[in-house]
Amino acid sequence: MIFEKIKTIPTSEELLDKAFSRSVRTMAGKTIDGPTSRCEANEAMLLTAANILSDNLGSINKMFPSFDQIPPFYYDLTDILIGVDDLKKALNNVKWASEKIHTMSREYIGKIRGNKTPDVPRKEAFGRMSSIIESISKDLLLLGEARNVLRKLPDVREEPTIIVAGYPNVGKSSFVKAVTNATPEVASYPFTTKGILIGHMEKDNIRYQIIDTPGLLDRPMSERNEIELQAITALRRLDAIVLILIDPSESCGYDIDAQLKLAHEIQEQFAIPSIIAANKSDRDEFKKPGEIEFIISTVTGEGIDALVEKLISMLPKPEPKFDEMPPILDGF
Ligand SMILES: Nc1nc2c(ncn2[C@@H]2O[C@H](COP(=O)(O)OP(=O)(O)OP(=O)(O)O)[C@@H](O)[C@H]2O)c(=O)[nH]1
């Protein structure tokens, strides 16, 4: 996942503590005798602190991906959760601070060398470094918060994707489990409590991703607030189609009219290719709604293969993946 490699972001106090305590430690056990070695000691202290600060700030910048290059799905979620502009500003400020400390420390080296009281410019430099770090303390906090939020986002790949929608208990997770090879992974998703379910299936060497979205596409859009709607629309940025499941046996607790209404609402508002399928055909109360072509049961397996085939035919075809690397040709 693109945000996984972001390590804990230090606060401004932690950074200053680390830099200044290491800088003091550079002097441990050294005898400082005479003006030359006093200058060298102050120079070493300054360089240690400055390098720690500018290196740490520089690596914060490198840990975050470039927001103009991340997949649109993650871009949208980042924007909803943190705000891409605010994040970019914070990263720019951190970069500025890293560079500023680097150049400033080099200027102060010149002031320390040959100085009769070298600790004066060194202390001044420390003061300036502290103010620079304090001036970005809010940026560091924002980045720390962003890191904690973004790392929890689900690992959704840029693979052809089937998003499963429908009222609670219609059989969405049963469907995902029925068609995927390994146990689907539960991942958290913004503004949902249950977590989404992500499974994979492979057909003709192509991997498909199947996502069950409890709490997202499972009740009328009119009941959603703005931010929830944005979290839902981020899903549209995947290369996806929607499978809307209904349960005409009504054992899910919702009548069929409400279920069909939701299905049509999702089709209209979500506006990506979709199929409606009726699940639980094995139940006695099951009555086939006239307009529905796909009838399935995740219990008996009825209709599942035909439905999967149809779904796959609607998805864009990526290059098939190879099980093995092509053989290395001798002589090249
Ligand atoms: N008889 C029968 N029961 C089914 C079928 N598919 C699912 N169920 C049952 O319906 C109930 C709900 O199934 P789930 O797969 O959890 O439904 P869901 O839509 O994922 O529910 P949420 O996660 O709450 O949104 C469970 O008790 C399933 O065993 C089916 O084809 N036939």
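How many C-beta neighbours does Lys280 have inside 10 Å, and does that count as buried or exposed? In this predicted model, Lys280 has 25 C-beta neighbours inside 10 Å and therefore counts as buried; the legends below begin with this residue and then turn to other parts of the structure.

**View 1. Two residues other than glycine, Lys280 and Asn205, with positive phi.**
Lys280 lies in the loop between β6 (274-278) and β7, and its phi is near 70 degrees, a positive value in a residue other than glycine. Asn205, in the loop between β3 (196-203) and β4 (206-212), has a phi near 65 degrees, likewise positive although the residue is not glycine. Most residues other than glycine have a negative phi. The surroundings of these residues are described by opposite words, since Lys280 is buried with 25 C-beta neighbours inside 10 Å, whereas Asn205 is exposed, with 10 other C-beta atoms within 10 Å.

**View 2. The open sheet of seven strands and its edges.**
The strands of this open sheet follow the order β2-β3-β4-β1-β5-β6-β7, and their pairing is mixed. At the edges stand β2 (185-187) and β7 (294-295), each of which pairs on one side only.

**View 3. Strand β5 between its neighbours β1 and β6 in the sheet order.**
Strand β5 (residues 240-246) pairs with strand β1 (residues 161-165) in the parallel sense, over five bridges, and five bridges also join β5 to β6, with which it runs parallel. On the side of β1, Ile162 has Ile241 of β5 as its bridge partner, while Ala165 is partnered by Ile244 of β5. Ile244 also stands opposite Ile276 in β6, so that the view can be centred on Ile244, with Ala165 as a bridge partner and Ile276 opposite. Six of the seven residues of β5 are buried, and the strand is therefore largely enclosed by the rest of the structure.

**View 4. The buried side of helix α8.**
In helix α8 (residues 226-234), the buried residues are Ala231, Ile232 and Ala234. Because these residues cover an arc of only 160 degrees around the axis, they are placed on the same side of α8. An α-helix has 3.6 residues a turn, so residues three or four places apart point the same way. Helix α3 (72-81) is included in what covers the buried residues of α8.

**View 5. The shell of residues around the ligand.**
Of the 17 residues around the ligand, those that come nearest are Pro168, Gly171, Lys172, Ser173 and Ser174. Helix α7 (residues 172-179) gives the most to this shell, contributing three residues. Sorted by class, the shell consists of four nonpolar, seven polar and six charged residues.

**View 6. Domain 1 and domain 2, and the contact between them.**
The chain is divided into domain 1, covering residues 12-150, and domain 2, covering residues 161-314. Taken over C-alpha atoms, the centres of domain 1 and domain 2 are separated by 49 Å. The contact between the domains involves six residues of domain 1 and seven residues of domain 2. On the side of domain 1 that touches domain 2, five residues are nonpolar, none is polar and one is charged.

Methods. Residues numbered from 1 in each chain as written. Predicted model: local features only at pLDDT ≥ 70, side-chain atom pairs only at ≥ 80, totals over all residues. Buried ≥ 20, exposed ≤ 12 C-beta atoms within 10 Å, placed from the backbone. Helix = DSSP H or I, 4+ residues; strand = E, 2+ residues; numbered from the N terminus. Arc of directions from axis to C-beta. Contact = placed C-beta atoms within 7 Å. Near = placed C-beta within 6 Å. Nonpolar A, V, L, I, M, F, W, Y, C, P; charged D, E, K, R; others polar. Domains from an automatic or database assignment. Pairing = 2+ DSSP bridges.
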